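Biologist: Please take a close look at the metal site in this model. I would like the donors, their places in the chain and their surroundings in one connected account.

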Amino acid sequence: MGAGIAVGTGFEETLLEQGPDAFLLLTADGTIAYVNAAAEALFGYPREQLLGVQHTILLSEDERGGFLRIFGRLGRGGQAAKRPFRAAGRRRDGIEIALEITCSLVTFNAGAAMAVAVRDADHRNDADSGRRLAVSLLDATLETTADGIVVVSCEGQITGINDQYLKMWGMPAELVAAEDPMVLIRFIAGQLAHPEYFLDKVSTLYADRSLQSHDVLEFKDGRTVELYSRPQKVADTIIGRIWNFRDITSRQRAQDQARHAMEELAEQADKLKELAFQDPLTGLANRMLFNERAAAALLTPEPVHVLLLDLDDFKEINDVLGHHAGDEMLVEIARRLQSCVGPHGTVARLGGDEFVVLLVGCRDSDAVAQRVVSALNAPVSIEGTLIRPGLSLGVASRNDGSMSSSELLRQADLAMYAAKEAGKNCYVHFQPAMLAALLERTQLTAGLRRAVELGQITVHYQPVISAERLDVVQFEALARWDWGGQLMSPDDFIQTAERSGLIRDIGAEVLRRACSELQPWLAADSFRSLAVNVSGVQLQHRDFAERVLDIAAWSRVDPHQLVLEVTESVFFDADTHVISQLSSLRAAGVRVALDDFGTGYSSLGRLQDLPVDVVKIDKSFVSMLRTGVEKLPILTSMIHMARSLGLKVTAEGIETPAQARYLMEHGCDALQGYLFSRPVPASERQNAVRKSAAAIAAMDGIPLPG
Ligand code: C2E
Ligand code: CA
Ligand code: CA
């Protein structure tokens with residue numbers, strides 16, 4: 001439009017050109033279309049550099065937003081628009097100058113332009129510099145803030161407004177140009193969910209210029225806006241009101257989401273807490289809840305008893321009938337337990353088939369224990385199979401004095417194991433001696449473990465004499481714990497080794513040593529053999545047979561010269577796996593001897609079914625033979641029966657020549673005992689052989705029993 005404006009020539013032009021005030025003409029888009037000489041002088045630019053350029057070049061940076069506002073106002077012909085106002089200008093040399101500006105609208109055929117008269121205001125005594133500062137600060141705030149702001153003077157004039165404000169309300173610029181705050185207020189109210197509230201607020205604020213307020217306004221479209229309103233002051237004078245709108249929709253949403261999430265979490269936490277204290281299968285209390293209740297009970301002076309029980313053979317039920325049946329069984333046990341225990345008790349499942357009852361304030365825990373044993377032991381039908389659950393129950397009590405719940409539980413545990421050993425389906429009270437026994441056992445286990453690592457397990461050999469050859473044909477390897485020169489007897493550690501599983505390493509070590517120490521002696525005569533004791537625990541390991549044959553191969557001992565001594569207990573709950581281990585060993589030539597024969601219960605009848613080659617008649621039978629003239633029908637029938645089944649018979653524990661004679665006469669194939677030699681270390685084996693020969697020779701003079 002600028003090029004379309006023609007300034008006339010002649011008197012007016014001269015006046016304009018040479019007038020005292022700086023004078024500019026701005027087009028509707030803010031470009032400079034005309035400047036006079038005074039303007040050139042004031043700003044320090046030659047005319048050519050100003051024409052066609054944006055007018056903002058002449059304003060200080062803080063002032064550059066106001067043009068359109070003024071232009072709009074002029075367009076509406078408001079009186080206020082024509083009043084002079086202050087602004088900060090900027091000269092070509094960068095220096096800022098105080099200006100007083102007056103604007104008016106000029107209309108041409110081509111459109112509207114703005115005539116601007118500018119006067120240097122520096123000379124004025126700047127009484128209201130505070131106001132200018134406030135205004136310039138406000139303008140800066142308006143441009144940079146994310147809030148929508150409108151400032152209305154006490155006279156009802158809009159003195160500040162920013163883009164954010166227009167955007168927030170979707171407010172057309174014309175509406176602002178209307179210069180009427182009420183128009184804006186109505187426009188805003190139209191978009192609110194509760195317009196009356198807003199309008200009330202506005203009138204309250206209008207009534208009292210000094211009020212501050214903070215409100216939250218809800219839009220119909222779901223947005224939320226915070227309104228801060230406070231007076232605009234210069235020094236202590238209120239000159240207007242600032243309306244500050246802040247869109248907090250996303251903040252609000254985030255807060256809502258956070259609150260919602262918190263509520264959900266709290267709900268879940270409640271559920272988790274419930275679950276955390278409950279055994280999911282049986283609905284009983286779990287270990288945590290038990291501990292909590294036990295700890296609370298132990299703070300009271302009441303008697304507190306703990307009944308700990310586990311089911312015998314539960315694993316078999318699981319294995320044979322399946323896990324579903326196992327679960328059903330556990331649920332039934334839980335139900336029975338609950339019914340045995342009155343209101344004083346908490347029944348908890350500690351896991352697996354282990355249950356615990358906490359009795360608080362109960363005067364007769366024995367009665368409850370007895371009730372539990374009888375109730376649980378009654379038959380239950382699980383998936384059509386009638387099962388009688390077996391259990392072992394240990395009881396520990398705190399009658400007075402301080403004790404922790406874990407201590408109580410440990411004592412009950414020891415008592416429970418004692419109940420198992422006492423033959424199951426009974427309850428046993430904790431005794432302090434049980435603790436001592438346990439301590440001894442655990443110390444022994446630790447010591448034994450070290451002994452295995454340090455190679456302190458050694459082997460002694462006891463000769464076995466053939467009745468036919470009257471010569472040593474076998475050595476039995478017997479483990480010794482060489483404890484710093486002091487030998488410990490296997491009776492003192494084999495049981496512990498079996499319990500801890502260490503027997504596996506010990507057994508392998510004994511076999512390895514015995515094979516390598518006896519290899520030359522064995523190799524010299526294929527009739528000779530080596531006997532090694534084997535525990536049931538060792539046979540439970542899948543690779544047992546393989547390990548034995550490996551060691552034989554490694555030490556170059558013919559498996560035909562190996563005898564493994566097992567007791568009949570390994571066949572009691574013989575799974576097919578134990579039998580097959582022994583079968584494959586026998587297939588490789590290894591012989592199996594039934595040790596301590598006669599001390600078991602069922603072996604006489606079952607002997608023919610067992611995969612054994614030799615029976616070793618226990619020394620308790622041999623010791624019955626004192627003079628050699630006793631009638632010992634059991635002993636002789638054992639020998640005959642074994643022989644009739646094609647088994648070889650060895651008698652052990654022979655201490656007198658008479659015993660030796662008697663056993664030989666009654667058909668024993670081999671003899672072993674202190675009469676011939678005690679077990680000796682490998683280095684004294686020759687001695688043992690000589691001693692044995694001497695004992696055999698001495699037997700000649702002994703008359704046969706009559
Ligand atoms: P066992 O297999 O019955 O071994 C025979 C035990 O009787 C040996 O005791 C032996 O010293 C003793 N003995 C031998 N002749 C006589 C005698 O004339 N009179 C008397 N009163 N006793 C005699 P030891 O060496 O103390 O072994 C005890 C038990 O320890 C063995 O009994 C065996 O069951 C077990 N054992 C020993 N070594 C091992 C081993 O390496 N592995 C396994 N699993 N058990 C072993
Ligand atoms: Ca033996
Ligand atoms: Ca024996």
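Modeller: Start with the calcium ion (ligand 2). In this predicted model, its protein donors are E476 (OE), N533 (OD1), E565 (OE) and D595 (OD). They lie 2.1 to 2.3 Å from the ion. Along the chain, these donors follow the spacing E-x56-N-x31-E-x29-D. Two of them sit in strands. E565 belongs to strand β22 (residues 562–567), and D595 belongs to strand β23 (residues 591–597). The pair therefore ties together parts that are 30 residues apart in sequence. Both E565 and D595 are buried.

D595 also leads to the second ion. The calcium ion (ligand 2) and the calcium ion (ligand 3) are 4.1 Å apart. D595 coordinates both.

Now take the calcium ion (ligand 3) by itself. Its coordination comes from D595 (OD), D596 (OD) and E652, with E652 (OE) listed twice. The distances run from 2.1 to 2.9 Å. In sequence, the donor residues are spaced D-D-x55-E.

How do D595 and D596 stand on burial? D595 has a relative accessible area of 9%. That value is under 20%, so D595 counts as buried. D596 has 26% relative accessibility. That figure falls between 20% and 50%, so D596 counts as partly exposed.

Next, the domain setting. The domain assignment gives domain 1 (1–128), domain 2 (145–267), domain 3 (283–430) and domain 4 (443–697). By those bounds, E476, N533, E565 and D595, the protein donors of the calcium ion (ligand 2), fall in domain 4. D596 and E652, donors of the calcium ion (ligand 3), fall there too. Elsewhere in the chain, the C-alpha centres of domain 1 and domain 3 lie 100 Å apart.

Finally, a helix pair earlier in the sequence than these donors. Helix α14 (residues 405–421) packs against helix α15 (residues 432–454). The angle is about 90 degrees, and the axes are 10 Å apart. That makes α14 roughly perpendicular to α15. On the α14 side, the contact uses L414, A415 and A418. These meet M434, L435 and L438 in α15. By class, the contact has 6 nonpolar residues, no polar ones and no charged ones.

To return to the metal site: D595 is the residue that coordinates both calcium ions, and D595 is buried.

Conventions:
Residues numbered from 1 in each chain as written. Chains lettered and ligands numbered in written order. Predicted model: local features only at pLDDT ≥ 70, side-chain atom pairs only at ≥ 80, totals over all residues. Heavy atoms only, no water. Donors = N, O, S within 2.8 Å, 3.2 Å for Na, K, Ca; no water. Helix = DSSP H or I, 4+ residues; strand = E, 2+ residues; numbered from the N terminus. Buried < 20%, exposed > 50% of the residue type's maximum accessible area, 1.4 Å probe, protein only. Axes fitted to C-alpha atoms, helices over the stretch in contact; angles between N-to-C directions. Parallel < 35°, antiparallel > 145°, perpendicular 65-115°, else oblique. Contact = heavy atoms within 4.5 Å. Nonpolar A, V, L, I, M, F, W, Y, C, P; charged D, E, K, R; others polar. Domains from an automatic or database assignment.
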